[in-house]
Amino acid sequence: NNYQDIQVMQDAKFENSITFDSEYDTDDYSYQAKIAADRKSTPFTYDGVVDAVNDISFTITKTSATVLTLSLNGNQTSKFEDDFEGVWDLLSKKTSDSTYTRELEGDVVVSPSVSPKF
């Protein structure tokens, strides 16, 4: 397993490109990546609603045979509470035998937006 902490800025698009070794082929897998408050997926405040969600899923794009890009749009990032702290991970599922692997994990911090939207 690999570990990577990420910082998400409120009100801004977030992208994280993940590059695998050259022998890895992203077409051989399906993926899931989420942000949660903790490993138990405890409900957290999102969009001002207390205990609104258990997790937020990233949009995952296969950029090439060895690169995935995880993203959130500005509307999604704006809904996190100021200074939200949690965890995230990326799971893969091999299409040939349905083996699951946690490819990457880490902590996530949301930095609050200071300037109002215009």
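1. F20, Y24, Y29 and Y31 come together as one aromatic cluster. The model in which this cluster appears is a predicted one, and the remarks that follow should be read with that in mind. Across the structure, the count of aromatic pairs comes to 10.

2. Among those 10 aromatic pairs is the pair of F44 and F80, whose ring centres lie 6.3 Å apart and whose planes stand at 5 degrees, so the pair is stacked, given that planes under 30 degrees apart count as stacked. F44 belongs to strand 5 (residues 44-46) while F80 sits in the loop between helix 1 and strand 10, so the pair ties together parts of the chain that are 36 residues apart in sequence. As for the setting of the two rings, F44 has a relative accessibility of 6% and counts as buried, and F80, with a relative accessible area of 2%, is likewise buried.

3. F80 also pairs with F84, and here the ring centres are 5.1 Å apart with the planes at 45 degrees, so this pair is tilted. The assignment follows because planes under 30 degrees apart count as stacked and those over 60 as edge-to-face, with the rest taken as tilted. F84 counts as buried too, at 8% relative accessibility. F80 therefore takes part both in the stacked pair with F44 and in the tilted pair with F84.

4. Turning to charged side chains, the structure holds 5 salt bridges. One of them joins E105 and R39, with a distance of 3.0 Å from N to O. This pair links distant parts of the chain, since E105 is in strand 11 (residues 100-111) and R39 is in the loop between strand 4 (29-36) and strand 5, the two being 66 residues apart. How do the partners stand with respect to burial: is E105 buried or exposed? E105 counts as buried at 14% relative accessibility, whereas R39, at 45%, counts as partly exposed.

5. A further salt bridge is formed by R102 with D89, the closest N and O atoms being 3.4 Å apart. This pair again links distant parts of the chain, with R102 in strand 11 and D89 in strand 10, 13 residues apart. R102 counts as partly exposed at 33% relative accessibility, while D89 is buried, with a relative accessible area of 16%; the cut-off for buried is under 20% relative accessible area.

6. R102 and E105 also meet through their side chains in a salt bridge, at 3.6 Å from N to O. Taken together, R39, D89, R102 and E105 are linked in a network of salt bridges. Within this network, R102 is bridged to D89 and to E105, and E105 is bridged in turn to R39.

7. A separate point concerns negative charge at the surface, where D5, E81, D82, D83, E85 and D107 gather in a patch. Of these residues, D83 can be placed in the loop between helix 1 (74-78) and strand 10 (85-94). F80, which was discussed above for its ring pairs, is in the loop between helix 1 and strand 10 as well, but F80 is buried, with a relative accessible area of 2%.

8. Two serines deserve a look at their backbone angles. Phi of S41 is near 55 degrees, a positive value in a residue other than glycine; S41 lies in the loop between strand 4 and strand 5 and is partly exposed, with a relative accessible area of 26%. Phi of S98 is near 60 degrees, which is again a positive value in a residue other than glycine. S98 is found in the loop between strand 10 and strand 11, and its relative accessible area of 40% makes S98 partly exposed.

9. Finally, which residue has its C-alpha atom separated by 7.5 Å from that of S96? The residue is D28, although D28 and S96 are 68 residues apart along the chain. D28 itself lies in the loop between strand 3 (14-19) and strand 4, and at 36% relative accessibility D28 counts as partly exposed.

How values were computed:
Residues numbered from 1 in each chain as written. Predicted model: local features only at pLDDT ≥ 70, side-chain atom pairs only at ≥ 80, totals over all residues. Heavy atoms only, no water. Patch = residues over 30% accessible without salt bridge, like charges linked within 9 Å, V, L, I, M, F, W, Y side chains within 5 Å. Areas by Shrake-Rupley, 256 points an atom, 1.4 Å probe, with all protein chains shown as cover. Salt bridge = Lys/Arg side-chain N within 4 Å of Asp/Glu carboxyl O. Lys, Arg positive; Asp, Glu negative; His and termini not counted. Charge placed at Lys NZ, Arg CZ, Asp CG, Glu CD. Helix = DSSP H or I, 4+ residues; strand = E, 2+ residues; numbered from the N terminus. Phe/Tyr/Trp six-rings, centres within 6.5 Å; stacked < 30°, edge-to-face > 60°. Buried < 20%, exposed > 50% of the residue type's maximum accessible area, 1.4 Å probe, protein only.
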